[in-house]
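Please look over the model below with the helices and their packing in mind. The paragraphs that follow go through it pair by pair.

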Amino acid sequence: MDELVVWDIWLDKPAILLPLVFVVGLMIGSFLNLLAYRLPIMTRRDERADCLNFLGLPAESNPPFDLAFPGSHCPSCKTPIKPWHNVPVLGWLVLRGRCAACGVGISARYPLVELACGALSVLVGWRFGVGGQMAAALCLTWGLLGLSVLTWDSGEPSLDVTLPLLWLGLLWHCGGVFASAEAGILGALLGFLTAWLFYRGLGLANAYADSWACAMLGAWLGWRLLPWVALFALPVYVGLEWGVSRRFAWPARRRFVLYAIWAGWALLLAPTGWLNHFVD
Ligand SMILES: [Zn+2]
């Protein structure tokens, strides 16, 4: 028996796979928190530099700021965060949600995003088991969670996440993981056009960014599943945004695209009978 097969059998035991996937999910969740904090700042910096350049004004000299630099620090007092305080969930619990240096509150969203990422990763591992489908679905899950947090903050799905995710979906299909590359390309086209016509027709904001998010979804799911996404996402969206928000002061600023991408995710994890709609 070759080494890879032994490794595969060992890893495929749920008692080993699921805790492992959970821990990896927690760590990716920690990275998504960093992404959600830094990406908008990086984008604003780039846009400002473009504006200065356009106006013929001298460029600003800012200290470098990207996903890797500077290291994790408290946004309030700038004290670097010790590695053991940076451990997903546990670090926040040990610090009781406060910066060790200045005592300023650290949002509970950080451990919640990490936990959500761990839990969703476990669902994916449980649904698919070790293999290409699990790897692809984990990539999609992590990408969608990052995109959701960014969209929650800014109200607009960032193209910096949507577009790489779209290409990644098509790339997986080249190996026939979920659908054929053909179904993925048609899905991307149908997703973009439908959303574009819908948003433009109703005069809604974010037509461009949301249409690309729907294209990304179509690329992952293939064109056959897209009508199902609308069918599942629309009633929940209408119910929560118009029904619950009026009754219980639910902040009605969530975007339809958030409902659509998680309906799409749920369809991808649905039992195999459902998948027959688009696996060809
Ligand atoms: Zn601090």
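Which hand does the crossing of α2 and α4 have? The crossing of α2 and α4 is right-handed, a term that applies if the near helix is turned clockwise from the far one by less than a right angle, whereas an anticlockwise turn makes a crossing left-handed. These helices, like the others named here, are DSSP runs numbered from the N terminus (H or I, at least four residues). The two pack at an angle of about 145 degrees, with their axes 7 Å apart, where axes are lines fitted to C-alpha atoms over the stretch in contact and angles run from 0 to 180 degrees between N-to-C directions. By class, the contact of α2 with α4 has 16 nonpolar, seven polar and one charged residues; Ala, Val, Leu, Ile, Met, Phe, Trp, Tyr, Cys and Pro count as nonpolar, Asp, Glu, Lys and Arg as charged, and the others, Gly among them, as polar.

Before reading further, note that this is a predicted model, in which local features need pLDDT of at least 70 and side-chain atom pairs count only at pLDDT 80 or more, while totals for chains, interfaces and linings use all residues. Residues are numbered from 1 along each chain as its sequence is written. The protein averages a pLDDT (the predictor's confidence in each residue, from 0 to 100) of 88, and 92% of the residues score at least 70. Confidence is highest in α4 (residues 109–128), at a mean of 96, and lowest in α11 (residues 272–275), at 60. Where pLDDT is low, the predicted coordinates should not be read in detail.

The loop between α2 (14–54) and α3 (90–94) holds P70, which is joined to F69 by a cis peptide bond with omega about -5 degrees. K78 is placed in the loop between α2 and α3 as well, and its phi is positive, near 65 degrees, in a residue other than glycine.

Further along, α5 (residues 132–154) packs with α10 (residues 256–269) at about 165 degrees, with axes 11 Å apart, and the two are therefore roughly antiparallel, the word for angles over 145 degrees. Their crossing is left-handed. The contact, meaning C-beta atoms placed from the backbone that lie within 7 Å, includes L140, L144 and L147 of α5 and I261 and W265 of α10; by class it has nine nonpolar, three polar and no charged residues. Directly after α5 comes G155, with a positive phi near 85 degrees.

The axes of α6 (residues 159–174) and α7 (residues 181–202) come within 8 Å and cross at roughly 155 degrees, which makes α6 roughly antiparallel to α7. Among the residues in this contact are L166, G169 and H173 of α6 and G184, I185 and A188 of α7, and by class the contact has six nonpolar, three polar and no charged residues.

Terms used: Angles under 35 degrees count as roughly parallel, over 145 as roughly antiparallel, 65 to 115 as roughly perpendicular and the rest as oblique. Two residues are in contact if their C-beta atoms, placed from the backbone, lie within 7 Å.
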